[in-house]
Amino acid sequence: MAETVLETHGLTMRFGGVTASDNVNFKLKARELRCLIGPNGAGKSTFFKCVTGLLTPSEGHVYMRGQDVTGWQPHQIASLGVGIKTQTPNVMDALSVHENIWLAARRFNDRAEASARADDIIDRLALGPIARTDLGQLAHGERQRVELGLVAVADPWLVLLDEPAAGMSADDVARMTQIIHDMTRTAAVVIVEHDMQFIRSVAETVTVFHQGAVLMEDHVDKVMSDATVRAVYLGKKA
Amino acid sequence: MRGTGGRDVLITLVVAALLIWIMPTMIATYTLTVLVIYGMLGLSLGLIWGFGGILCFGQAAFFGLGAYTYAIAAINIGESTVPMILAVLVPALFAAILGAIMFYGRLMDVYLGVITLVVTLILFKFVNTTAGPQYVIGKARIGGYNGIPGFQTLNVPGDPGAYIWGDPFYYVCAVALVIVFLLVTWLLRSSFGRIAVGIRENEVRMALLGYDVAARKTVLFTIGAAIAGLSGALFANWSEIVTPSLFSLSQSAEIIIWCIVGGLGTRLGPILGAAGLAYLKFMLGQQSMIDNTLITGLILVLFVLFLPRGLVPAVATLWGRIVVGTRRRTQPRTMRRTRHG
């Protein structure tokens, strides 16, 4: 039986009187790929931020490989071997593609090994022609791809991606899909996403969020055909 | 990379040796000495602000702490070697504690500036109120607004009677600046330096890569304070008196202006900015027609409007354009077409 790599128990996050994440119980097995979907304000990103340490939950616990990481700082969680990509491209704009990826690789490797790994990931993501270009000069899709490179170069066992396909061209999305599939050979992957076409192309199991809580969790085809989910997305009663 | 580093060290040493040798023929060594000391102080802020993104409004606090530590220790010990070491260690320790409180407390941007400024002003106020005889550390009276005069100045290590003053003191300060410059260069080329630049660019991303941003910023802040402390000790030796004005608001503001005018994100910019503006202030101080703070303010405004990146980056950009233009002119037409086609 596959090991549980990520688990939340009763995860709740309140902002004043607003409960953004409400008693969420979540479980993810090793090398599983899970998409988190839901309309705007459903609590997906709040859940994501609680898991990555960007927010400290008001109640409940987060476990990674059985270890309670509730309230840990983002760098402590990342140091466990967790790769994180935030909603908007979060990169070092004034540094080159190579320098960005080298910095990610250096965290877990010595200088020479970091350079070799950076070169390798640049090849794998076809970033060679822009390797010496500053991130600030790149198009959105290229920046997203570089950020995925930052995640992949550290060989994580758990990858958390917030809207990786947002604002990307069809070609870039296809390339992104392939990269994510490659990642699942060694890592469990959680993707927060809106793009249903992209979700169909990558996911098997989907967790639907609604009003901060988990509404449904099932195979992507069942979720897509579910009347309640459709109503939540379209804002109509089931 | 290692070959390039060796070549850069050699170039730095040759250029520095030439400057150290030539400059006394143009400016008196007494004046040059303080320009060199200010250059080191500018570099201390240039390191943490330009490469670490830490806008410290209180670099004068570490400068003043270095100077006072030296003076107090020199009076008590009667020899300069240990006081020089303490003048580096005390500001560094103070910065480590202050930095840890600020960075682990997740203070950023303007709040960081406010805290460092307030700490400097507290030190200024405190030292000003220590005129009474009860404010004594060992044999040294802190002296309040009168400051501390008459302490042992720099001597050959182990020989308190062999003073280093005049031209030899200028050479000691100049060599110290070259050593600090090379150490800063080495630091910035190390993994620590590259990670510091990454933190300057995007703290959140660096934390998400697994770097302990607060710890690294604290270390960088401490290194900057140690350099400022060293420059403070050298300043105490140059002026032979330390006063609370070392902690003043104007002193803090001047260091920031030196960095802006010289060029942030460069090693040379803050040194040149400090030396250039301090020399200008010295020249203006010899006349009474115009208030020199007005001129300094005008220069800052002009730089912010027309050269916002500072002098050194502007010269580097201009130099780059000249080099590219020269290469294009010397390239055969066919090559140019191939390159652009």
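**Reading pockets and a buried residue**

Modeller: In this predicted model, α1 (2–22), α2 (29–51), α6 (167–189) and α11 (268–284) of chain B each contribute at least two residues to the lining of the largest pocket.

Colleague: How is empty space in a protein found, and what volume does the largest pocket have?

Modeller: Rolling a probe the size of a water molecule over the atoms reveals where empty space remains. Here the largest pocket has a volume of about 900 Å³, and 31 residues line the largest pocket, with Val15(B), Leu19(B), Leu268(B), Ile271(B) and Leu272(B) lying nearest its centre.

Colleague: How does the lining of the largest pocket divide into nonpolar, polar and charged residues?

Modeller: The lining of the largest pocket comprises 23 nonpolar, five polar and three charged residues.

Colleague: Which residues are closest to the centre of the second largest pocket?

Modeller: The second largest pocket has a volume of about 510 Å³, and of the 18 residues that line the second largest pocket, Gln73(A), Arg106(B), Glu203(B), Ala207(B) and Val213(B) are the closest to its centre. By class, the lining of the second largest pocket has eleven nonpolar, three polar and four charged residues.

Colleague: Turning to a single residue, is Thr207(A) buried or exposed?

Modeller: A residue counts as buried when its relative accessible area is under 20%, and Thr207(A), with a value of 0%, is therefore buried. Thr207(A) belongs to strand β9 (residues 205–210) of chain A.

Colleague: What joins the side chains of Thr207(A) and Glu217(A)?

Modeller: The side chains of Thr207(A) and Glu217(A) are joined by a polar contact of 2.9 Å, and Thr207(A) also touches other residues, including Phe26(A), Arg34(A) and Met216(A).

How values were computed. Residues are numbered from 1 along each chain as its sequence is written. Chains are lettered from A and ligands numbered from 1 in the order in which they are written. This is a predicted model: local features need pLDDT of at least 70, side-chain atom pairs count only at pLDDT 80 or more; totals for chains, interfaces and linings use all residues. Side-chain values use heavy atoms; hydrogens and water are left out. On a 1 Å grid over the protein atoms alone, a cavity is a set of points where a 1.4 Å probe fits but cannot get out, and a pocket is an open set with protein on both sides within 12 Å along at least five of seven lines; lining residues have an atom within 4 Å of a point. Grid points are joined across faces, edges and corners, and a volume is the space filled by probe spheres set on the points. Helices (H or I, at least four residues) and strands (E, at least two) are DSSP runs, numbered from the N terminus. Ala, Val, Leu, Ile, Met, Phe, Trp, Tyr, Cys and Pro count as nonpolar, Asp, Glu, Lys and Arg as charged, and the others, Gly among them, as polar. Buried means under 20% relative accessible area, exposed over 50%, partly exposed in between (1.4 Å probe, protein chains only). Contact means heavy atoms within 4.5 Å. A polar contact is a pair of N or O atoms within 3.5 Å; within protein, one must be able to donate a hydrogen and the other to accept it, and residues adjacent in sequence count only if both atoms are side-chain atoms. Lists of a residue's contacts leave out its neighbours within four places in sequence.
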